[in-house]
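Work through the following exercises with the model open. Each task is followed by a stepwise solution.

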Number of protein chains: 2
Amino acid sequence: MHTGAGQPSSGAICVAIVEDDRSLREGLSLLINATSGYRCGRTYGSVEEAMRLLSLEVPDVLLLDIHLPGMLGSEAVLHFRKNYPSMQILMLTVYAEQDKVFESICNGACGYLLKKTPPAKLLEAIREAHEGGAPMSPEIARKVVTLFQKTGVPEKIDEQLTPQEIRLLKMLSEGYSYQGAAGNLNISINTVRNYIRSIYEKLHVHSKSEAVSKALRSRLIN
Amino acid sequence: MHTGAGQPSSGAICVAIVEDDRSLREGLSLLINATSGYRCGRTYGSVEEAMRLLSLEVPDVLLLDIHLPGMLGSEAVLHFRKNYPSMQILMLTVYAEQDKVFESICNGACGYLLKKTPPAKLLEAIREAHEGGAPMSPEIARKVVTLFQKTGVPEKIDEQLTPQEIRLLKMLSEGYSYQGAAGNLNISINTVRNYIRSIYEKLHVHSKSEAVSKALRSRLIN
DNA sequence: CCGTAAAGAGCATATTTATGCTCTTGTTTG
DNA sequence: CAAACAAGAGCATAAATATGCTCTTTACGG
């Protein structure tokens with residue numbers, strides 16, 4: 001059922017696991033290797049171990065536990081994304097903790113599964129992740145959707161801002177004064193004033209903070 | 001396989017459909033009624049029709065097409081959510097259009113399916129929606145996750161703001177001046193200044209726009 | 001080649017903000 | 001009770017912002 005090859009090869013989806021609970025780790029590995037079309041490569045007991053050894057065989061999909069001794073999985077996502085951008089990361093967790101869920105997803109995880117997920121669903125999720133989906137346990141998916149709703153409908157801006165104007169707006173949101181922004185953009189403060197004017201007109205606002213707020217809400221900047 | 005009752009009853013999940021393509025509408029209805037545990041109530045050819053008649057039998061789950069003659073499904077979501085808050089809304093569409101997807105979800109849809117979804121998955125999605133999940137086709141889910149990542153990790157604020165401070169911050173983001181906010185909160189402008197001071201300290205910022213930006217990014221306000 | 005538009009710059013000035021103090025008045029707490 | 005603390009208010013002032021004008025350059029379309 002598995003190829004035994006040292007590098008991702010054959011048509012099988014290559015999976016790796018980072019999970020400190022040994023029996024769960026081995027159980028998952030067995031399940032994956034026992035299924036046609038899937039192959040479990042290395043498994044790791046900690047993020048640190050995975051970081052050291054992952055380059056030996058980069059999997060298609062990484063199952064990553066959230067609660068690990070040492071570096072947390074939710075933080076490790078960033079590192080893995082940077083170093084192995086083609087690898088899809090699926091988070092595994094017992095509880096659907098808001099913060100960790102969002103942190104992981106923002107950091108680049110593509111999906112999020114509860115450990116109670118039945119084997120068939122887990123395998124399906126791995127495939128989905130590999131094929132460009134974003135598998136999530138229903139509870140998690142609902143949380144994501146709910147948070148989305150809280151951010152509100154992105155405001156629509158009818159007039160387009162120039163790249164320069166957007167850069168300036170971004171600086172204002174970071175606390176730059178006109179003078180500071182002018183220096184940074186290498187233009188005179190008077191020009192900054194002109195840009196601001198133009199931005200205000202386009203966004204229909206009359207103050208820096210309202211402009212920043214509208215720009216953020218409409219996702220003009222972030 | 002269906003109860004024939006006029007109101008949602010029995011254990012079956014009651015589904016209604018808003019879809020202008022008659023053959024698809026009838027096909028879905030047949031599928032649902034042919035499946036144990038599901039029951040298809042009324043079906044509608046337009047949002048307007050559904051709005052008029054939905055109160056006769058409020059379903060558990062509403063399948064809502066995006067592209068409809070008259071009012072678009074993505075806009076109708078708002079109305080349905082307001083009037084039938086317990087009803088779960090599942091969007092149906094041929095293409096995964098960014099804007100419509102996000103508009104629908106922000107407006108309160110709980111899930112989003114492509115029409116190519118196979119029958120078994122569709123039925124599963126309906127059940128999931130009814131049980132508090134948020135079923136999405138993989139392509140859609142990935143888009144949602146990707147957008148999420150763009151919003152960035154919500155900044156963490158270590159010090160808690162008072163309700164009054166949050167109200168003030170919200171006003172500033174709406175373009176109020178100190179004077180205007182003072183009037184609105186029924187406090188003196190000097191007190192506003194004090195609050196601002198306190199907010200700045202807690203957020204570690206030194207200007208209105210930076211405060212607003214941080215508050216939005218950390219989801220203190222929205 | 002003239003007119004128009006956009007990017008950039010200058011200047012003036014009324015308002016607003018940011019930030020430094022001090023001072024009540026309650027409330028809580030050791 | 002005294003001390004500590006939070007909410008609210010006052011005042012002063014340097015700095016920054018909002019907004020009104022005018023003036024170069026380039027670039028572009030007719």
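**Exercise 1.** Determine with which handedness α10(A) passes α10(B), and which residues meet there.

*Solution.* Step 1: in this predicted model, α10(A) passes α10(B) in a right-handed crossing (the near helix is turned clockwise from the far one by less than a right angle; anticlockwise would be left-handed). Helices are DSSP runs of H or I with at least four residues, numbered from the N terminus.

Step 2: the axes of the two helices, residues 208–217 in chain A and in chain B, come within 8 Å and cross at roughly 25° (axes are lines fitted to C-alpha atoms over the stretch in contact, with angles from 0 to 180 degrees between N-to-C directions). α10(A) is therefore roughly parallel to α10(B), a term for angles under 35 degrees.

Step 3: K208(A), S209(A), V212(A), S213(A) and L216(A) meet K208(B), S209(B), V212(B), S213(B) and L216(B) (contact: C-beta atoms, placed from the backbone, within 7 Å). By class, this contact has four nonpolar, four polar and two charged residues (nonpolar: Ala, Val, Leu, Ile, Met, Phe, Trp, Tyr, Cys, Pro; charged: Asp, Glu, Lys, Arg; polar: the others, Gly among them).

Residues are numbered from 1 along each chain as its sequence is written, and chains are lettered from A and ligands numbered from 1 in the order written. Local features need pLDDT of at least 70 and side-chain atom pairs pLDDT 80 or more, whereas totals for chains, interfaces and linings use all residues.

**Exercise 2.** Find the rotation that superposes chain B on chain A, and describe the side of chain B that touches chain A.

*Solution.* Step 1: a rotation of 180° with a shift of 0.1 Å along its axis superposes chain B on chain A, at RMSD 0.2 Å (least squares on C-alpha atoms of residues with pLDDT of at least 70 in both). The two copies are thus related as by a two-fold rotation axis.

Step 2: S209(B) has the C-alpha nearest the axis in chain B, 2.1 Å from it.

Step 3: chain B and chain A each put 39 residues into the contact. On the side of chain B, α4 (98–107), α6 (138–151), α7 (163–173) and α10 give two or more residues each, and α6(B) has the largest share, nine residues.

**Exercise 3.** Identify the residues closest to DNA strand D.

*Solution.* Step 1: 17 residues surround DNA strand D, the closest being Y178(A), I187(B), S188(B), N190(B) and T191(B) (near: C-beta atom, placed from the backbone, within 6 Å).

Step 2: this surface divides into four nonpolar, nine polar and four charged residues.

How values were computed:
Angles under 35 degrees count as roughly parallel, over 145 as roughly antiparallel, 65 to 115 as roughly perpendicular and the rest as oblique. Two residues are in contact if their C-beta atoms, placed from the backbone, lie within 7 Å.
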